[in-house]
Amino acid sequence: MIDLHSIKSPADIKPLDVDELTRLSAELRAILLKKLASRGGHVGPNLGVVEATVALHYVFNAPADKIVFDVSHQSYVHKMLTGRIDAFLDPDRYGDVTGYTCPEESDYDLFEVGHTSTSIALATGLAEARDLTGGKENVVAFIGDASLGGGEALEALNYVPTLKSNFIVVLNDNQMSIAENHGSLFEHLEELRRTNGQSDNNLFKALGYDYIYVREGNDLKSLIRAFEAAKDRDHAVLVHLNTMKGEGYPMAEANKERFHYTGPFDLHTGVATATDDSEDYTDIFARHMLGRMQADRKIVTITAGTPGAIGFPPARRALAGRNFIDAGICEQAATAYVAGLAKGGCRPVFAVMATFIQRAYDQLSHDISINNLPGVIVDFAGSVWGIPDVTHLGFFDIAMVSNIPNIVFLAPATAEEYLASIDWAIDNLEHPVFVRTPGGEIRHSDKPVNTDFFTYDVVREGSGVAIIGAGAFLSIAEAAADLMRERGINATVINPRILSSLDTRCLDALKSYGTVITLEDGIIDGGFGQKVAAYLGDSPVKVHVLGLKKEFIDRYDADKVLEDNGLTPRQIADLIG
């Protein structure tokens with residue numbers, strides 16, 4: 001049997017026979033589970049494609065043949081087979097690789113991706129480039145976890161057969177998205193599974209693909225046979241794999257939604273080992289929305305395939321009934337649904353991760369904002385304390401959304417202000433409203449919430465120096481003011497709440513100050529602070545605009561990022577001599 005430490009490239013598994021590859025797959029699954037239990041990660045997606053990944057690299061000749069993984073959250077075994085297995089065997093090296101494909105790690109990784117439904121379009125470009133330059137390699141797009149239902153995937157799926165050249169789509173059909181599938185496309189896949197791929201009603205054949213169905217999608221012999229049949233064809237072929245998400249780990253097979261992605265867990269019981277009983281904004285949001293939906297059937301909560309990330313596990317979804325809509329992994333369509341629901345007299349609230357609302361910028365601008373429809377977007381993890389992976393950064397949202405005309409962009413600082421912002425957004429009929437879920441630790445306030453969100457709140461009266469702390473950065477502003485007070489400086493502290501427009505009356509009162517400091521939990525360029533600086537530009541006051549650099553950062557430490565950007569309380573206090 002092959003020594004796992006000796007696997008430096010796919011060439012090392014090509015001499016093996018099917019029985020040896022089967023044993024290898026079992027060993028890979030075991031070490032993968034050990035690492036996932038220790039560090040957390042995408043459990044179900046990776047366990048379900050162990051055999052498919054082994055078969056891919058056994059049949060194809062990457063990196064000469066091009067393999068593009070959709071989302072790439074199922075690429076762990078691919079990394080094991082392409083020179084990075086020590087990052088799975090050695091606990092001291094677990095952090096050597098990212099959770100997604102990464103060209104900086106290996107030539108076998110073609111793209112840095114972490115968003116869904118991109119693989120077929122990316123691979124289409126590779127195939128076009130190959131044809132234009134006279135290449136002969138195979139191009140493979142590996143897609144699953146309901147990514148095929150995304151608009152970009154469907155657009156590319158429609159285009160591929162017109163290339164009339166080699167292109168292989170591997171559809172990993174595990175009957176799941178992150179949660180359950182939504183949409184008639186997945187009913188069609190069920191029909192194909194039920195008929196062992198023999199149904200006359202076959203979308204892929206209708207589009208011009210050769211179609212190969214693999215009933216046992218975790219069986220190496222079947223997989224190798226299918227991939228060899230698809231390899232080197234001079235036209236488009238789709239290989240449909242019927243797989244089990246979480247294959248080989250009973251807890252993941254039985255709890256597919258929970259084990260799509262999880263933190264560390266006990267390998268024998270599946271129970272999470274790092275539990276956190278503290279308050280969570282997703283739970284605060286979901287409990288509040290459930291109450292509002294039950295009281296008013298016109299209020300609707302929408303997600304784009306990430307119900308768990310917004311506090312709606314299966315039991316809560318069942319209580320919400322039809323008033324909870326999962327649009328599938330389709331942020332563009334979900335955002336347009338908001339426009340249609342608002343136009344139709346409902347009160348829609350689209351709850352979405354900040355990194356994913358980027359995918360629907362046109363719908364925010366064109367469908368909602370030009371029509372000035374009173375839909376509500378609530379984003380999560382739009383913060384330096386959000387998801388630290390480069391593919392999932394959320395702190396671009398202020399600059400991206402607050403500058404779209406008609407959108408009211410609110411950045412509450414406390415839990416009470418957060419819920420009041422959501423209620424105000426739902427009840428308003430004049431504007432689309434974007435509510436940013438605060439990052440970091442939850443803050444509470446016993447003060448009544450001022451619901452005139454077009455005005456700033458002065459939370460501390462002072463003179464000479466003012467610190468305007470937006471959203472979660474209000475706490476940093478207050479801590480900096482405390483340090484200034486120790487030095488004899490009584491700073492005014494302001495909670496702006498609204499980042500899409502300016503409270504000019506409040507700002508006019510600061511024109512006699514010596515210094516104004518703005519703090520925002522997002523990038524400086526195009527952000528809130530620059531609006532304030534521009535407005536105060538014709539006055540003597542000196543304005544310091546503090547926030548994050550416009551850059552992509554990966555697997556970062558939030559405290560270090562704050563320090564690198566001069567955003568610690570002491571650094572802010574030191575701006576005043």
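Glu180 counts as partly exposed in this predicted model, with a relative accessibility of 32%. Its side chain meets that of Arg317 in a salt bridge, with an N to O distance of 2.9 Å, and this contact belongs to a structure in which a search of the whole finds 30 salt bridges.

**Pairs that link distant parts of the chain**

- Arg317 lies in helix H13 (residues 314-320) whereas Glu180 lies in the loop between strand E3 (167-173) and helix H8 (184-194), so their salt bridge ties together parts that are 137 residues apart in sequence.
- Arg317 is buried, at a relative accessible area of 11%, while its partner Glu180 is partly exposed.
- Arg497 and Asp457 form a salt bridge in which the closest N and O atoms are 3.7 Å apart; here Arg497 sits in the loop between strand E14 (492-495) and helix H20 (504-509), and Asp457 in strand E12 (residues 457-460), so that the pair links distant parts of the chain, 40 residues apart.
- Arg497 is buried, its relative accessible area being 1%.

**A pair inside one helix**

- The side chains of Lys560 and Asp564 meet in a salt bridge at 2.9 Å, N to O, and because the two residues are four apart in helix H22 (residues 558-564), about one helical turn separates them.
- Asp564 is partly exposed, with a relative accessible area of 45%.

**A shared network**

- Lys79, Arg84, Glu105 and Asp109 are joined into one network by salt bridges that share partners.

Conventions:
Residues are numbered from 1 along each chain as its sequence is written. This is a predicted model: local features need pLDDT of at least 70, side-chain atom pairs count only at pLDDT 80 or more; totals for chains, interfaces and linings use all residues. Side-chain values use heavy atoms; hydrogens and water are left out. A salt bridge is a side-chain nitrogen of Lys or Arg within 4 Å of a carboxyl oxygen of Asp or Glu. Buried means under 20% relative accessible area, exposed over 50%, partly exposed in between (1.4 Å probe, protein chains only).
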